[in-house]
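Q: Please take a close look at the nonpolar interior of this model and at the elements around it. I would like one connected account with the cut-offs stated.

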Amino acid sequence: MINKIIPTTPNPTTTLIYIIIIIIITTIITRIIAYLMNRMGRFKKDMTAIYLIRDIINYIIYFIALMTILQLFGINLAGTLLSLGIVGIAVSFAAKDIISNLFSGIILILGRSIKVGNTIEINNKKGIVKRISLRSTLIVDDNGVKINVPNSTLTNNTYQRFKTPEKYRVDIIAGIPLDIDLEEFKKYIIRKIESFAEIKNTPKPNVYAKEITFEESKVKVSFWVKDINKKDEYKIIITNEIRKYIN
């Protein structure tokens, strides 16, 4: 079939031209697929399945392009596939991490244990899942830092998946002097938090007791902001309100 489309030729110049044409066509097709998938994403909240379909199609296109280029050099496709089968065990040992990540990616995507938009934390790295590919998962933390986590890490280790509002959550740990009534403090700080329009009313802000020592009571003040980019701003504002109440 490939011979009918692109005949094998011993001429190096012609072979090079064919290779360039194959690369250009492959690049154009993969970009068109990426464009169409991104357009589909505008109408879907869950991009997980779209990324899976895109990756599978791209891998198929790359494989066909590679086989076509090998045919140009006179390499028999059937013989190549047979050779791959013979050395398959050796290759699997050499590329076990890649294979592990590929299968882990399929498990994550089909199992839907993690979806694009979820907030997760693994190995002390917390962020929003932006993309799940067959090899790795991209998460972005609160500072905008992109972290690529190998899929095998997610399937072989324990991770935390937070509820949707968690990505906007702000936690402040404060030490409250023992002579301050915690119930009164809780009422005051929640009232202050709810007075800001940029802070969400659902889930409601709350104050949790952490521990008590001979010097102070440690509490955690939690609330959710509407705009993730204002987390640090309101963390400072509420921390200052806590300080003013203590003083």
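A: The account below begins with the basis of the model and then turns to the interior, a strand pair, a lysine and a loop.

This is a predicted model, in which local features need pLDDT of at least 70 and side-chain atom pairs count only at pLDDT 80 or more, while totals for chains, interfaces and linings use all residues. Residues are numbered from 1 along each chain as its sequence is written, and side-chain values use heavy atoms, with hydrogens and water left out.

The largest nonpolar core has 19 residues. Such a core is a set of buried Ala, Val, Leu, Ile, Met, Phe, Trp, Tyr and Cys residues joined through side-chain atoms within 4.5 Å; buried means under 20% relative accessible area, exposed over 50%, and partly exposed in between (1.4 Å probe, protein chains only). F185, I189, V221, F223, I238 and I242 have the most contacts inside this core. At least two of its residues come from each of β6 (169-177), α8 (182-194), β8 (216-224) and α9 (231-246). Helices (H or I, at least four residues) and strands (E, at least two) are DSSP runs, numbered from the N terminus. The largest share, five residues, is supplied by α8. A second, separate core has ten residues, among them I114, V116, V149 and L154.

V221 merits a closer view. Apart from neighbours within four places in sequence, V221 is in contact (heavy atoms within 4.5 Å) with V170, D171, I172, F185, I193, N206, V207, I238 and I242.

Strand β8 also takes part in a strand pair. Strand β7 (residues 206-212) runs antiparallel to β8 and is joined to it by six bridges; two strands pair if DSSP finds at least two bridges between them. The two strands form a hairpin, with three residues between them. I212 has S217 of β8 as its bridge partner.

Helix α9 contains K231. This lysine is buried, at a relative accessible area of 12%. A polar atom of the K231 side chain lies 3.1 Å from the backbone oxygen of R169.

The loop between β1 (119-122) and β2 (125-132) holds N123, and N124 is found in the loop between β1 and β2 as well. N123 has a positive phi of about 50 degrees although it is not a glycine, and N124, also a residue other than glycine, has a positive phi near 65 degrees. N123 is partly exposed, with a relative accessible area of 48%, whereas N124 counts as exposed at 75% relative accessibility.

Terms used
A polar contact is a pair of N or O atoms within 3.5 Å; within protein, one must be able to donate a hydrogen and the other to accept it, and residues adjacent in sequence count only if both atoms are side-chain atoms.
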